[in-house]
Amino acid sequence: MAPQAALEALPVCLLGALVCGGMGWVLARRSRAAWTDTPRPAGAPERRGPLRLREALLLAFILSAVAVAVSWARTQFGSLGLFGAVAVAAFADVHAPIVSLAGLQAAGSITPAQVLDGLLLAFLCNGITRSITAVAAGGWRFARAIVMALALPLLLGAGLMLLMHGVRA
């Protein structure tokens, strides 16, 4: 990401990191009481490490494909194509459209303001996917904390962006 875009996004990203970190700390403290060191039942699958080649290659492919798609959509349809492609891609994965936005801004194809708008859009769309997944996995009671944890930083970030730049037409 170009320095100008990074500076543009820095306050919003820092606020989001602080809010998410604080909420994560609270949730971790709350769940610590429920966590026990009980042995795994016989026949339970072996735990795998966090680094897996297949998943890493898949992520690299997704990042590349989304970067090409977002760039093509911006070229063909302008800002509408850019934000449409970011939104669609973010429903599946938030990282790929963010990397694409950073690359386009570094190349001078989009403005830092468009990067910030795209970041918030990507987090919004991915948050919707995660919220739906939380409801499906554990019902509304389980999902309530997840939805709040996803919505609060997004709303604060959007509010901060509006304070910093006002409403852009």
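In the predicted model, Ser131 is placed in helix α4, which comprises residues 112-165. Ser131 has a relative accessible area of 15%, and because this value is under the 20% cut-off, the residue is classed as buried. A polar atom of the Ser131 side chain lies 2.8 Å from the backbone oxygen of Gly127. The positions of Gly127 and Ser131 can be read against the general geometry of a helix. An α-helix has 3.6 residues a turn, so residues three or four places apart point the same way. When neighbours within four places in sequence are left aside, Ser131 is in contact with Val147 and Leu150.

Helix α4 also takes part in the surroundings of another element, helix α2. The cover over the buried residues of α2 includes α4, together with α3 (residues 95-106). The buried residues in question are Val66, Val70, Ala73, Gly81, Leu82, Ala85, Val86, Ala87, Ala89 and Ala90.

The course of α2 itself departs from a straight line. Helix α2 runs from residue 53 to residue 92, and its end C-alpha atoms are only 20 Å apart. By comparison, a straight helix of 40 residues would span 58 Å, at 1.5 Å a residue. A bend of about 150 degrees is found in α2 at Phe77. Among the buried residues of the helix, Val66, Val70 and Ala73 are numbered before the bend at Phe77, whereas Gly81 and Leu82 are among those numbered after it.

Helix α1 spans residues 3-32 and contains Leu14. Leu14 has a relative accessible area of 47%; this value lies between the cut-offs of 20% and 50%, and Leu14 is therefore classed as partly exposed. The C-alpha atoms of Leu14 and Gly157 are 9.2 Å apart in space, although the two residues are separated by 143 residues in sequence.

At the level of the whole chain, 4 helices and 0 strands are present. The order of elements from the N terminus is accordingly written α-α-α-α. Contacts that link distant parts of the sequence can be expressed as a share: of the contacts between residues at least 6 apart in sequence, 70% join residues at least 24 apart. The chain has 169 residues, of which 28% are buried; Ser131 belongs to this buried class. The surface exposed by the chain amounts to about 11,100 Å², and 71% of this area is supplied by carbon and sulfur atoms.

Definitions and conventions. Residues are numbered from 1 along each chain as its sequence is written. This is a predicted model: local features need pLDDT of at least 70, side-chain atom pairs count only at pLDDT 80 or more; totals for chains, interfaces and linings use all residues. Side-chain values use heavy atoms; hydrogens and water are left out. Helices (H or I, at least four residues) and strands (E, at least two) are DSSP runs, numbered from the N terminus. Buried means under 20% relative accessible area, exposed over 50%, partly exposed in between (1.4 Å probe, protein chains only). A polar contact is a pair of N or O atoms within 3.5 Å; within protein, one must be able to donate a hydrogen and the other to accept it, and residues adjacent in sequence count only if both atoms are side-chain atoms. Contact means heavy atoms within 4.5 Å. The expected span of a helix is 1.5 Å times one less than its number of residues. The bend at a residue is the angle between axes fitted to the seven residues ending there and the seven starting there. Accessible areas come from the Shrake-Rupley method with a 1.4 Å probe; for residues, only the protein chains shown count as cover.
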